[in-house]
Amino acid sequence: MKVLFTARLAHWLLAASASLLAWPAAAQSDAFSFGVIAHSFKGTPDESILRDAIAESDADNLAFVVANGIKASVEPCSDAVYLRRKTVLNSAQNGLVVSLAGSDWTDCKNRHGKSAAMERLNRIRELFFSDDFSFGSSRIPLVRQSMAAKFHSYAENARWEIGNIMFATVDLPTGNNHYRPEAGRNSEFEDRLIANRDWLQRIFTIAAHKKMAAIVLFCDGNPLSQPGVAQKFDMGVKRDGFAEVRQFINAMSAKFPGKVLVVHGQAANRPAIEGIRWRNNLGNLGISAGWVKLTVTPASPGLFSITSQPTEAKKSRAQPTALQP
């Protein structure tokens, strides 16, 4: 096991060195932009939405792109669907990182109608996260949580750095973070809660040690949202599946000297994009449709700005593009 880990680490370091040498100078020291594709399959299995978003983002000069979700909840949880989407993702010219959505695995059933969530999640990990690189032609070297022996299953959690910014995906699905109200059904939730806490701890510790200017977290559900009265049932209490993660992100952000931006797929009232909402150094950005381009400008006090919006947002003008702290 130790030999295998050492070999894998050596392989990643060589790949990372080669990639950084080839990386555009502007992405290392000046302003750079990245794209975020909203969950293309929230209401439809129409694959053309994802294809169009990839084509549009490919036409821009982006450091990388993050895509939220690989399938619709109404689609089969089959290898055929997963592999077809993998081909689409690999067609990207930009380096493309996948951030899993709840519809990818949480509601999957076997032929007997019982939950197949864990089996399908593990299969997705095998198919989509088997190496330490992003999808796309410009493959970005990634550090996966699965490199740690204790969390070898959590390959979907990945991090990478550009300039003075740490980027990372965290598996936090919609649907109350896959917390199940049925007794004895939450081993997956509890194990992932431990893994995600360790992952976030590492991200903040490394970023603080390197004196990085910011951390950007990509996830499906919104871990910063507060539960409302409508969520209560039975004895008036519903377990908030995001409670621990929200508390941890808030606590770690308060100690972190830079900015922390959480990008998720749960825009309030379902506009295409909300705009960045800041509370002190912690930013919240929900994107529910299309794709958005964000620019990092080290010389700017705000650091992050939204430089283009999805078509739906341009038409509606329902929300401002950015709200500064």
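Buried means under 20% relative accessible area, exposed over 50%, and partly exposed in between, with a 1.4 Å probe and protein chains only. The model is predicted, so local features need pLDDT of at least 70 and side-chain atom pairs count only at pLDDT 80 or more, while totals for chains, interfaces and linings use all residues. Residues are numbered from 1 along each chain as its sequence is written, and side-chain values use heavy atoms, with hydrogens and water left out.

**Exercise 1. Two residues with positive phi**

Task: Find where Asn177 and Lys211 lie, and decide whether each is buried or exposed.

Solution.
Step 1. Most residues other than glycine have a negative phi. Asn177 has a positive phi of about 60° although it is not a glycine; Lys211, also not a glycine, has a positive phi near 55°.
Step 2. Helices (H or I, at least four residues) and strands (E, at least two) are DSSP runs, numbered from the N terminus. Asn177 is in the loop between strand E6 (165-169) and H6. Lys211 is in the loop between H6 and strand E7 (214-218).
Step 3. Asn177 counts as buried because its relative accessibility is 2%. Lys211 has a relative accessible area of 69% and is therefore exposed.
Step 4. Contact means heavy atoms within 4.5 Å. Leaving out residues up to four places away in sequence, Asn177 touches Asp171, Leu172, Phe189, Arg192, Gly241, Phe242 and Val245.

**Exercise 2. Strand E11 in its sheet**

Task: Place E11 in the strand order of its sheet and state which residues cover each of its faces.

Solution.
Step 1. Two strands pair if DSSP finds at least two bridges between them. The open sheet has 5 strands in the order E3-E2-E1-E11-E12, with mixed pairing. Strand E3 (96-99) and E12 are at the edges with a single partner strand each, so one side of each has no neighbour in the sheet.
Step 2. Strand E1 (residues 32-37) runs antiparallel to E11 and is joined to it by 6 bridges; Gly35 has Lys293 as its bridge partner in E11. On pairing with strand E12 (residues 304-308), E11 is again antiparallel, over 4 bridges, and Val296 is partnered by Phe304 of E12.
Step 3. In a regular strand the side chains alternate between the two faces of the sheet. In E11, Trp291, Lys293 and Thr295 are buried on one side, and Val292, Leu294 and Val296 are buried on the other. Thus 6 of the 6 residues in E11 (residues 291-296) are buried.

**Exercise 3. Helices H4 and H5**

Task: Which residues make the contact between H4 and H5, and what else do the buried residues of H5 pack against?

Solution.
Step 1. Helix H4 (residues 79-90) and helix H5 (residues 117-128) pack at about 35°, with axes 11 Å apart; axes are lines fitted to C-alpha atoms over the stretch in contact, and angles run from 0 to 180 degrees between N-to-C directions.
Step 2. H4 contributes Asp79, Tyr82, Leu83, Lys86 and Leu89 to the contact, and H5 contributes Arg120, Arg123, Ile124, Leu127 and Phe128.
Step 3. The buried residues of H5 include Ala117, Leu121 and Arg125. Besides H4, the buried residues of H5 pack against strand E4 (143-144) and helix H6 (187-209).
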